[in-house]
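This note concerns the aromatic side chains of the structure shown below. Please read the numbered points with the structure in view.

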Amino acid sequence: MENSTQPISNLTCPAYFDKYLQWSQTGAGLTASQPCPDIAESIFNGVATRYCHPTGRWTNRDNAPVENVTESFTNYNDCGVPIPSDVESDDMAWNQLTGTVWGIVGLIGLCFTITALVTSLCILQSIRIQNCRLKIHKQLFLAFLIEAVAQVGVTSENVNAFFQTRNGQNDTEVLSSGNATLGSSVAIWTVNCMFVMEEFGHSSVIAWAFVEGIHIFNIIVVSVFSKKFPLKLCGTIAWMSSIGITAIWLSAWLPYPRQPNWYYYGKHWSYHILTAFRLSLLLINIIFLTKVMYVFVNRLRANCTSELLKLRKATKAIALLMPLLGITNFVAIYQEPVSKVGFNIANGIRRIVLSWQGFIVSILYCFLNSTIRRGLRRSLVAFKRTHLTQHKSIFLTVTPINAPIR
C-alpha cells in the first residue's frame, strides 16, 4: 500500500476489509492506494483508492467522514465497473433487459441505415456527377457504412449474450468472458476488432463532416481555393487522421484490459482521446457554420441568386448534421448513471442516435437532394433511350415472317 504524503497528525484510520481488498491503518489526511483486485469485475490494470479524513475516519464517496466504517467508500473507478455494488441486483437485471430492448431497436435502425447508405452509394456511383460536394457526400456515406456494419456485429453479440444469460448462464461468466456464446478467443477478438472498426468509422464520420464544413465555409466566406477545392488532400487528411487517432487510442488502451473482452473500454480514461478529437472537430465546425450563416444572410439580402439558394440548402443540411453527430459525443463524456431512469435515458439516446443517424443523413443528403434527383432522372432517361434504340434496331433487322423469299 502506498500513501501520497506524510500524515498531518497522529490520528489514523483503522484497518478494514471491503470485501475485495484489505486496507491497513492509514494516516489522517492521506489517500491509500493499491492495485485493483484480481477478480472478474476488475477489468483494468489500475489502482483502487481510499481517503482517510483529517479527523482519522474513513470517508464516503463525497469525501465526508463516516462513523461506521462499513459505510466508507473505496474508489474502484480506475478498475472498470464499480466493484462495491452501486447498483442493486434487481436494478442491474432491469438495466440489462432495457439495454437489450434498446439493442434490438438499434438493430432495426441499423438495417434501415445500411440499406439506405448502400442505395445512396449506388445512386451516386451511377449518376457520375462531377460535383465536389457530392463526392464529399459519397465519402461521408462510406464512413457511416463502416460504422453501421461494425455496430451490427457488436449489438447482435450483446443481444445474444443477454438471451444466453436468461437461459440460465451466470451473469458474471458472461461479463468476464466478453460473450460466453462465442466460446473461443478468436471470436472474442473478432468482436474487439469490431469495436475498433466502430470507433474508426465514427471518427471518420466526424472528419468528413468537418470536410463538409470546410467546403461550405470556403465557398461562402473566404474562397481560399479559388481554382479548385483540394478534395484529394482533404480526403487523405480525413481518413489518415481517423486512422491516426484510432491508433493513438489503441496504444493508450491496450496495456490496461485484464480481461480478453473490451466491452467496458468506453469507461477507461483513454477513451477521452477519441472524444476530445471528435468534439474538437465538431466545435470548430460550429464556429465555421456560425460565420457561414452570418455571411450567407448578408449576401442573400443583397443578391438572391439561384446559386445562393442552392448553397442555402447545403448549409442547412450541414447545420442539421452537427447536432445529430454532437449528441452521441456529448453523451459519451458522461458516465452512464446507475439509476434505472438515468441509465435507460442515456442508453436509449445513444442507441437510437447511433443506429439511425446514417439513415437520416442519407435521406437529407441523397434522397432529398434535388441535384441528385435530377442526375438520377437524366441517367434513367439516357438508359431508357439507349435500351429502346437497341431494341428497335434489333427489331428492324429481323426478317418478317411473311416476307417473300428471294
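**Note on aromatic contacts**

1. In this predicted model, R50 is placed over the face of W58, and its distance from the ring centre is 4.5 Å. The charge counts as sitting over the ring because the cut-off for that distance is within 6 Å, together with a position within 35 degrees of the ring normal.

2. Contacts between rings also deserve attention, as the structure holds 13 aromatic pairs. One of them joins W208 and W239, with 6.0 Å from centre to centre and 65 degrees between the planes, an edge-to-face arrangement. W208 belongs to helix α4 (residues 185–222) and W239 to helix α5 (residues 231–253), so this pair ties together parts that are 31 residues apart in sequence.

3. Are the two members of this pair buried or exposed? W208 has a relative accessibility of 2% and therefore counts as buried. W239 is likewise buried, at a relative accessible area of 18%, because the cut-off for buried is under 20%.

4. W356 and F359 form another edge-to-face pair, since their ring centres are 5.8 Å apart and their planes meet at 85 degrees. Both residues lie in helix α8 (residues 340–367); they are three residues apart, which means a separation of about one helical turn. W356 is partly exposed at 24% relative accessibility, and F359 is partly exposed with a relative accessible area of 24%.

5. Finally, a grouping of aromatic residues should be noted: F195, W249, Y265 and Y271 make up one aromatic cluster.

Notes: Residues numbered from 1 in each chain as written. Predicted model: local features only at pLDDT ≥ 70, side-chain atom pairs only at ≥ 80, totals over all residues. Heavy atoms only, no water. Phe/Tyr/Trp six-rings, centres within 6.5 Å; stacked < 30°, edge-to-face > 60°. Helix = DSSP H or I, 4+ residues; strand = E, 2+ residues; numbered from the N terminus. Buried < 20%, exposed > 50% of the residue type's maximum accessible area, 1.4 Å probe, protein only.
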